[in-house]
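These are my notebook entries on a structure I looked through element by element. I kept each entry to what I looked up and what I found.

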Number of protein chains: 2
Amino acid sequence: MGALAATQLLGLISLSVTLDNGLLKTPPMGWMAWERFRCDVDCRDDPENCISEGLFRDMADRLVEDGWKELGYEYVIIDDCWMSMLRDKQGRLQPEPSRFPSGIDKLARYIHDHGLKLGIYADMGTHTCMGFPGTTLEKIEIDAQTFASWGVDYLKFDGCYSNPVDQMLGYPLMSKALNATGRPMAYSCSWPAYLGGLPPYVNYSLLGEICHLWRNYYDIQDSWDSVLGIVDWFFNNQDELQPAAGPGRWNDPDMLIIGNFGLSVDQARSQMALWAMMAAPLIMSNDLRNMDNSARAILQNRVAIAINQDPMGIQGRRLLQEKSHIEVYWRPLSNSASALVFLSRRTDMPYLYHTSLAKLNYEAGNYEAYDVFMGSMVKRLNATTDFTISVNPSGVVMWCAR
Amino acid sequence: MGALAATQLLGLISLSVTLDNGLLKTPPMGWMAWERFRCDVDCRDDPENCISEGLFRDMADRLVEDGWKELGYEYVIIDDCWMSMLRDKQGRLQPEPSRFPSGIDKLARYIHDHGLKLGIYADMGTHTCMGFPGTTLEKIEIDAQTFASWGVDYLKFDGCYSNPVDQMLGYPLMSKALNATGRPMAYSCSWPAYLGGLPPYVNYSLLGEICHLWRNYYDIQDSWDSVLGIVDWFFNNQDELQPAAGPGRWNDPDMLIIGNFGLSVDQARSQMALWAMMAAPLIMSNDLRNMDNSARAILQNRVAIAINQDPMGIQGRRLLQEKSHIEVYWRPLSNSASALVFLSRRTDMPYLYHTSLAKLNYEAGNYEAYDVFMGSMVKRLNATTDFTISVNPSGVVMWCAR
C-alpha cells in the first residue's frame, strides 16, 4: 500500500478527535526510567535498579521529598519492559507479576497519593522495542481502556515493529481511544521519529491535533556527543520544527541525562539551557537517589525551569553560528522578556565573546539581563552596548533579558 | 635530501650523549600551561589568565599550598607564547618583557624557592607553533645555554616549522647541548609526534637515549572524545610503544585535562586511571586556582599516583576488548603487585562485568585488591574466584592487586 492509499484510508477514520483537553499547556516535567535504567529486569542480582514497582515508588518518594515536585517535576513515567510477556485472559496488558506484584493500579494510587502523575509505555506495533507485547490496531481500544482503568495519566506510545501504514492508522486511533475513556491522559507519540522527523513524511499539523508531544529523533544516550547530535538536528531543522510547537503540542528531543555519568558540569548546564530554549519536556532519566549537588542545582534552577515553562510556549531558535564556534540561541518569553543562550562548541578554553543586543536583533532600548546559572544581574544594558561574555568549552551562558 | 642521506649525516654527529643523567626515573609530575591557557597573550583584558610570570607564580603557589607538591607534582612548565618576537643582541631568546618583566631567571628562582622545578618551551624549527622565534640548528647551543643560565629544569622541544631532516639532526643536537651545559635538565621531545609516532619512521631506541620523554601523538583537547582518541591510539599501538618506555624514558600521551570543562567525574577518573596505567607523565593543565573538589580528589589520589610512579616503570597494556564494550588494562608493579583498570565504553548505564583473575592471566593463588577510587578492599580473592564489578558508562573501576 502506498502512502497515498494510506492517506485515503486515514480519511475513513473520524478525526474529529482533538487532544485539546487542557493538558500540557506547558511542557511536561518529570522522570522517566529509560535512559538510566533501560531494560534491567534482573531483580535478583540488581534489585535496586531493575524495572519494578519499587523503582518507581523510590522515584516518587524522591520527587516529593527532595523538592522536585514543588518545582513542577510531577510525572513518574514507566518506559519499556514493565509488561508480562502474555496478555491476560481478557486480552489486556498486564504487568510482569514478579516485578510489579501490586499491579499498576496500586502503583498509580501510590503516585497519586504523593501528588504526582503516572506515565506508562506501550508500542504501536507487534512488539515493544524490547520485545514485550505490542499494541496492534485491534488492541488499541482495550489498551487505552486498561490504562484509564488503572489511573494512568500519560502514555508514551512507541513505534517499534510497526510500519508507516499502521502508524498512520494507529497513532490517531489511540488518540481517539484515549479521549474516549474520559480520563485525561497526556499522549506522547513516537511516530515522527520513525518517519525521519521531517515533512513531508511527518505532518506536524496532524500531530499537534492528536498528540501532546512527540519524539522527533533518535534516543538520547549518556554522552555529550549524543546531546550535541540532538541539538544539531533540532536546530538545523528549526524552520520545520519550531512552528510545530506550542501550548499542548511539543517537540520532544528526549530525556535530560543530567545527573548521570557522561556530562561534565558545563555540559549539564548546556543541556538544561538548550532544552529550556526548545520548550522541551523536562523529563529526567537519572537516579534521584544518587545525584551530586551540582546536577541537582542545575535541574532545580528555577529560572531555567521558568523559561522552559513560559506560558506563551514559543520554541526558541538558533540565531547565529559564529566562526569562533560560539552559537547564540534566542527564545521570546511572556511579559516582553526573552532568553538568550550562548553555547561554546570549542574544546580549548573559555572564549571571550563580544556582541551587543542590537547585533542579536533586539530593538533599541534599555534592558537588564539575569545570568541564569551565575545568579547575577547585568543592569543598564542598552541595545547598542557592546558587552563581552566568557563562555566555557562545551558550556553555556544563559541570560533572561527584559 | 633523502632519509638515507640524512641518516648518514646524522652519523657525523657524535652520539656519545646519553641523557641517562638520573632524571625522571619515574614519570614527571607537574603542571603545564598549554591545554588550559593556550596562547592567551591578552594581559590587558584577561590579566588573570594570560601567559605571564604572574600565571606561573600563581600556579607555583597553588602547587605548594594545596598539597600538590608533597604528592610529587613538582614541575611548573611554560609552554608556547612566552617569548619576545625578537632575540636579543647576543642572539639569545628572551621573554616578552611586558608579560615577563622580571625575566625567566627570576621566575626560576621563585619556583626553586618553593621547592619546585621550572620547565620551558622551545621549538626545533624556524618558528614555534604559534609563530614565536624557533630554534634552528645553529641556535641549539645558545638556546640550551640560555636555558641553563636561567636555571631551567625541563625543556619541551616542539617541532612546528621543521622538517624530518632538521628534526633528525636537531633533537639529538639539543640533547647533547643540554648535557654540555652541565645543568641537569629533563628533555621532552615532540619529534615522534611529527613523524606519525610509529616505527619505522620513529626510532624509539634512539629516542630513549636522547630524550627523557616524548610526545607521540596529537595534542589533547578538552573533551572525552580527545581522551578516548589518545587512549585508542596508544593501546592500539601498544606492541610498538609499550617496550619503548622505562625509567628515564617515557611515552607522553599529553596533559591531564581533569579539572577543566569537558570531562564528567567518571571520565576524569578514567583519564587518571589510564594515564597511571600508561606510566604517562602526570602533567596537569588546568586552573589550580579554580577546581572543584571531585577533580582535586582524583588528581590527588595517592594510590593512582603510586601506580603511575611505580619504580619498575613498566608501561601497562590493554588485555581485553569485550563485545560488551568493557575493556581491561593491566600493569605489573613492584613487589608482585599489579594494577587493573576496567573501562566502560558504553553510553547507557552501569554494566555488571563478570570475570575472575584467572581469566585475566593471573597465576593461581590468593589475592586481595584495593579499589583505587572507592577506597575499599576486596579480600580473599582466589585467582579462580568469579567476581562481578559495576562499571559506569565512560568510567572505570581501578584495582591495585597483590
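**Entry: the open sheet in chain B**

In what order do the six strands of the open sheet in chain B stand? Before answering I note that I am working from a predicted model. I read the order as β9-β10-β11-β16-β13-β14, and the pairing is antiparallel. At the edges I found β9 (317-321) and β14 (376-382) of chain B, each of which has a single partner strand, so one side of each is left without a neighbour in the sheet. From one strand to the next I noted a twist that averages 25 degrees.

Within this sheet I then looked up one pair, β10 (residues 326-332) and β11 (residues 338-344) of chain B, and found seven bridges in the antiparallel sense between them. Opposite B:Trp330 I found B:Leu340, which belongs to β11(B).

Next I asked what packs on the sheet. Helix α10 (residues 224-236) of chain B does so, touching β9, β10 and β11 of chain B, and its direction makes about 100 degrees with that of β9(B). Helix α12 (residues 265-277) of chain B packs on the sheet as well, where it touches β10, β11 and β16 (396-401) of chain B, with its direction at about 140 degrees to that of β11(B).

**Entry: B:Gln271**

Is B:Gln271 buried or exposed? I placed this residue in helix α12 of chain B, and I found B:Gln271 buried, with a relative accessible area of 0%. Setting aside neighbours within four places in sequence, I listed the contacts of B:Gln271 as B:Ile220, B:Val227, B:Met255, B:Leu256, B:Ile257, B:Ile258 and B:Leu263.

**Entry: salt bridges**

Side chains of opposite charge can pair when their charged atoms come close. Over all chains I have a count of 44 salt bridges, and I looked up several of them one by one.

In chain A, I found a salt bridge between the side chains of A:Glu65 and A:Arg62, at 2.9 Å from N to O. These two residues are three apart in helix α3 (residues 53-65) of chain A, which means that about one helical turn separates them. A:Glu65 has a relative accessibility of 56% and counts as exposed.

In chain B, I found B:Arg289 and B:Asp58 joined by a salt bridge between their side chains, again with 2.9 Å from N to O. B:Arg289 lies in the loop between β8 (282-284) and α13 (293-299) of chain B, whereas B:Asp58 is in helix α3 (residues 53-65) of chain B, so this pair ties together parts that are 231 residues apart in sequence. B:Arg289 is partly exposed at 22% relative accessible area, and B:Asp58 is partly exposed at 26%.

I also looked up B:Arg92, which forms a salt bridge with B:Asp88, where the closest N and O atoms are 3.0 Å apart. B:Arg92 counts as partly exposed, at 36% relative accessibility. In chain A, I noted a network in which A:Glu48, A:Asp58, A:Asp287 and A:Arg289 are joined by salt bridges that share partners.

**Entry: the interface of chain B and chain A**

How much area do chain B and chain A bury between them? I noted about 1,900 Å², with 56% of it on carbon and sulfur atoms. In chain B, the residues that lose the most area to chain A are B:Phe261, B:Thr347 and B:Met349, together 33% of what that side buries. In terms of contacts, 23 residues of chain B touch 23 residues of chain A.

I found zero salt bridges across this interface, but I did find six residue pairs in polar contact between chain B and chain A. On the side of chain B that touches chain A, α2 (34-37) and α12 of chain B each supply at least two residues, and the largest share, three residues, comes from α2(B).

**Entry: strand β4 of chain A**

Lastly I checked β4 (residues 154-158) of chain A, where five of the five residues are buried, so this strand is largely enclosed by the rest of the structure. In a regular strand the side chains alternate between the two faces of the sheet. For β4(A) I wrote down A:Tyr154, A:Lys156 and A:Asp158 on one side, with A:Leu155 and A:Phe157 on the other, and both faces are covered.

Strand β3 (residues 117-123) of chain A runs parallel to β4(A), and five bridges join the two. One bridge pairs A:Asp123 with A:Asp158 in β4(A).

Notes:
Residues are numbered from 1 along each chain as its sequence is written. Chains are lettered from A and ligands numbered from 1 in the order in which they are written. This is a predicted model: local features need pLDDT of at least 70, side-chain atom pairs count only at pLDDT 80 or more; totals for chains, interfaces and linings use all residues. Side-chain values use heavy atoms; hydrogens and water are left out. Two strands pair if DSSP finds at least two bridges between them. Helices (H or I, at least four residues) and strands (E, at least two) are DSSP runs, numbered from the N terminus. Axes are lines fitted to C-alpha atoms, for helices over the stretch in contact, and angles run from 0 to 180 degrees between N-to-C directions. Contact means heavy atoms within 4.5 Å. Buried means under 20% relative accessible area, exposed over 50%, partly exposed in between (1.4 Å probe, protein chains only). A salt bridge is a side-chain nitrogen of Lys or Arg within 4 Å of a carboxyl oxygen of Asp or Glu. Buried area is the accessible area (1.4 Å probe) that two parts lose on being put together, summed over both. A polar contact is a pair of N or O atoms within 3.5 Å; within protein, one must be able to donate a hydrogen and the other to accept it, and residues adjacent in sequence count only if both atoms are side-chain atoms.
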